[in-house]
Amino acid sequence: MSKERTTVEQRWVLALTSIGSVMVALDVLVVAAALTTIRQDLGASMEQLEWTVNAYSLSFAMLLMTAAAIGDRLGRRRTFAAGLALFTVASIGCALATSVPSLIAARTLQGAGAAMVMPLAMGLLGAAFPAERRGWAIGVFSGITGLAVLGGPMIGGAVTQGLAWQWIFWINVPVGVLAIPLVLRRIPESRGPVRRLDPRGATLITLAVLGLVWGVVRGAVAGWTSPEVVGSFVLGALLLLGFLAWEKRAAEPMVPLSFFRVRAFSAGNTAGFFLSAALFSAVFFVAQFMQAVLGSGPLKAGLQLLPWTATLFVVAPIAGRLVDRIGERPIVVVGLVLNAIGMAWIGLVADPGVHYISLVPPMIVAGCGISMAMPATQSASIGSLPREAVGIASGIYGMTRQLGGAVGVAILAAVFATNGGYGSPASFSAGFTRALVVCGVLSLAGALAGLGIAVRRTEPSAGPAVAMRSVEEVG
């Protein structure tokens, strides 16, 4: 590597993968501030509003592993560009939707495009940066991505109030059109280990994920003991066992199960699951609280989240540097504990008469915590494996996070529906306060998982070698 800390090529890779990540992350919860408007415009129910978020997360999660495997085989740059194209087309479909079912269908297609973008973005980033600079690059990437996730409600609110809710999807189109040719021109092609595709494994994991998450999403509506929900859980669990049995015997498995015997990889993925469960569900409800209880419009509701979102831009890159120095475990644990404190704090003070200023300190605490934990969980998961495995590792991590987001939204929606509703500010607040306390519990579960991440050795060069040996030992 030259004396320059980053090469021109590396800067292009970081910039373009971050652009793709922003498009994908923004649309995870860009609808949050527009949910009230969409509910009024299209006559959507609470369950349908939940599906406008979870349809995206589900298709995203279910196709990540397949997309990562295709990218490793056919080329990460090519698959990344194809994902941007599909995402752009699906965004047009969302903008043109005239009913809730058509919007949910287009959101599902968006999730499929996102599944081709995110793991390949991480794969391209991992291939472009050496191990000693990867923590910094992931920190920048995570900060921008996290800012897009939490900035989604603000941008969605501004666009919804200034134009119309359809424009929260139209804004993706020019970005995608401009980014695709730059990706093909400026990013070098890279591939993972040449492996045959595993259609049986892909089918089993896709249906298993669908069954399990369907049960969580439908539990509050259909009843947790209903045949539909119980059947979904049983079928999902059986398919998951079938997937594990198949992957164990497959000559070229889609998911090498030996990866999960690397402690940092398993702990990082578990922490990432709970991090996303807490983050996505909190954004889903906090943006609505600003409107339903504080009486804010979509734009003001988004702006009121700035104490939360602004921390990501500052803290995540710093956390990335700290990861390179002291390792991931303390950053993950402290970050998720701070997020739990912030979420529980909001839940305890958010009554119908609360003043906005009372919510600012806990939002800052939660924002700092999530900003610390996000790059550290990614680094623990992806950095614990050899460089050539970064594509499949990022696919597994991405799937885990999207599943966490869908499950988190579903759990908090069930708690909210049990304790409150949309009938009045008092009713909304009653459900919201209990949901945010549960959100804090999810974050604490992630902190406990983070304790399983191995302490990094002090030698700077030890990390990649240790990771390589670990995989060789368990392979």
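Here is a friendly set of questions and replies about the predicted model shown above.

The model is a prediction, in which local features need pLDDT of at least 70, side-chain atom pairs count only at pLDDT 80 or more, and totals for chains, interfaces and linings use all residues. Residues are numbered from 1 along each chain as its sequence is written, and side-chain values use heavy atoms, with hydrogens and water left out.

Me: How many helices does the chain have?
Reply: Helices (H or I, at least four residues) and strands (E, at least two) are DSSP runs, numbered from the N terminus. The chain has zero strands. The number of helices is 18.

Me: What percentage of the residues in the chain is buried?
Reply: Buried means under 20% relative accessible area, exposed means over 50%, and partly exposed lies in between (1.4 Å probe, protein chains only). The chain has 475 residues. Of these, the buried share is 59%.

Me: Which helix gives the most to the largest nonpolar core?
Reply: A nonpolar core is a set of buried Ala, Val, Leu, Ile, Met, Phe, Trp, Tyr and Cys residues joined through side-chain atoms within 4.5 Å. The largest one holds 142 residues, and Phe289, Trp308 and Phe432 touch the most other members. With 17 residues, the top contributor to this core is helix 11 (residues 263–292).

Me: Is Ser18 buried or exposed?
Reply: Ser18 sits in helix 1 (residues 8–29). Contact means heavy atoms within 4.5 Å, and, leaving aside neighbours within four places in sequence, Ser18 is in contact with Phe141 and Ile144. Because its relative accessible area is 4%, Ser18 counts as buried.

Me: Which residues is Leu58 in contact with, leaving aside its neighbours within four places in sequence?
Reply: Leu58 belongs to helix 3 (residues 46–74), and with a relative accessible area of 4% it is buried. Arg107 is 49 residues from Leu58 in sequence, and their C-alpha atoms are 9.9 Å apart in space. Beyond the sequence neighbours, the contacts of Leu58 are Trp51 and Val213.

Me: What separates the C-alpha atoms of Ala115 and Ser59 in space?
Reply: Ala115 lies in helix 5 (residues 100–128) and is buried, with a relative accessible area of 0%. Leaving aside neighbours within four places in sequence, Ala115 is in contact with Ser59, Phe60, Leu63, Leu64 and Ala67. Although Ala115 and Ser59 are 56 residues apart along the chain, their C-alpha separation is 7.6 Å.

Me: Where is Ser358?
Reply: Ser358 is partly exposed, with a relative accessible area of 32%. Ile346 is 12 residues from Ser358 in sequence and 8.5 Å from it in space, C-alpha to C-alpha. The place of Ser358 is the loop between helix 14 (329–349) and helix 15 (360–382).

Me: Which helix gives the most to the lining of the second largest pocket?
Reply: On a 1 Å grid over the protein atoms alone, a pocket is an open set of points where a 1.4 Å probe fits, with protein on both sides within 12 Å along at least five of seven lines; lining residues have an atom within 4 Å of a point. This pocket has 22 lining residues, and the closest to its centre are Ile205, Leu240, Met399, Thr400 and Leu403. Helix 9 (199–222), helix 10 (227–249), helix 11 and helix 16 (390–419) each give two or more residues to the lining. The most, six residues, come from helix 9.
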